[in-house]
Amino acid sequence: SVKWRVKYTIYDHTPGSAVPKPKDMVFLKKIISASQGNADQTLATAMNWYKLGLLEKNKLKAFLCFHIALEGLAVDLANGKLKTSIFYRIKKEEKQSKKVRVSERIKEYFQDFNSRDLESFMRKSYDEILSIKSDLERAMKAVFGDKHSVINEYLVGDESIWAIRGKIAHGDYSEWDHEEYRKVWSMLDRVQDISKSFITRVLLRIKPGQERPHWSGHSVISIRM
């Protein structure tokens, strides 16, 4: 039996078992109380998808589970459907005000694009104004803060978590492509941690910029020699 407490997080095939300390049990009780006292079904669904990600052995499926956990919660939060939306100062947008906002943003984008490049204009307008991605961005900014580095890491660029999620969902990646599979595997811990952080912050109503509580990290694993 090997017991340890790591300075840096270890990710391995065999994660071992948690050995919570008394202060960890206080934190766990807080999580359970918040879960039981929250009437928003979306939070329960998000935690369920996160749990499925932990249980899933296929890294591509696990990646999608962690993303779905975050995305579903974020979309409802951004649209003012959760009680927690009020805490993060997000209100349900009225149809008329949304119509005006979308119209003004589209005009702004059109001024930045060459009139011949209509395809790029349409793609950018849809992604940043009307798609799920736009709701995801608004929710993440509200929860993590406008300038938090996780926003770009998750949403910006061809190698972002959002981009990888799209390639998996649309069948561009498979277990048979070893290099692509390894790429997803290498990012799995990040999407898991971001998803956990987002859910925990919303559940416990942690303000942007405020540090998220963590457990002590004591673990145990049995190795057959």
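How many of the protein's residues, as a percentage, count as buried? Of its 225 residues, 37% do. Keep in mind that this is a predicted model.

**View 1. The whole chain, for getting your bearings.** The protein has 10 helices and 3 strands. Start at the N terminus and you meet the elements in the order β-β-α-α-α-α-α-α-α-α-α-α-β. About 15,000 Å² of the protein is exposed, and 53% of that comes from carbon and sulfur atoms. As for contacts with a separation of 6 or more, 68% join residues 24 or more positions apart.

**View 2. Inside the largest nonpolar core.** This core has 44 residues, and Phe63, Leu77, Met140, Tyr154 and Phe198 make the most contacts inside it. Elements giving two or more residues include α1 (22-37), α2 (41-55), α3 (59-78) and α7 (132-144). Also among them are α8 (149-155), α9 (161-169) and α10. The biggest giver is α10, with 11 residues. In soluble globular proteins, nonpolar side chains tend to be buried together.

**View 3. Tyrosine 154 and its company.** Look past the neighbours within four places in sequence, and tyrosine 154 is in contact with His67, Leu70, Leu136 and Met140. Its other contacts of this kind are Ser160, Ile161, Trp162, Val191 and Ile194.

**View 4. Arginine 190 on its helix.** Arginine 190 sits in helix α10, which spans residues 178-204. Its relative accessible area is 31%, so arginine 190 counts as partly exposed. Leaving out residues up to four places away in sequence, arginine 190 touches Val150 and Glu153. From arginine 190 to tyrosine 154 is 36 residues in sequence, and 9.3 Å in space from C-alpha to C-alpha.

Notes
Residues are numbered from 1 along each chain as its sequence is written. This is a predicted model: local features need pLDDT of at least 70, side-chain atom pairs count only at pLDDT 80 or more; totals for chains, interfaces and linings use all residues. Side-chain values use heavy atoms; hydrogens and water are left out. Helices (H or I, at least four residues) and strands (E, at least two) are DSSP runs, numbered from the N terminus. Buried means under 20% relative accessible area, exposed over 50%, partly exposed in between (1.4 Å probe, protein chains only). Contact means heavy atoms within 4.5 Å. Accessible areas come from the Shrake-Rupley method with a 1.4 Å probe; for residues, only the protein chains shown count as cover. A nonpolar core is a set of buried Ala, Val, Leu, Ile, Met, Phe, Trp, Tyr and Cys residues joined through side-chain atoms within 4.5 Å.
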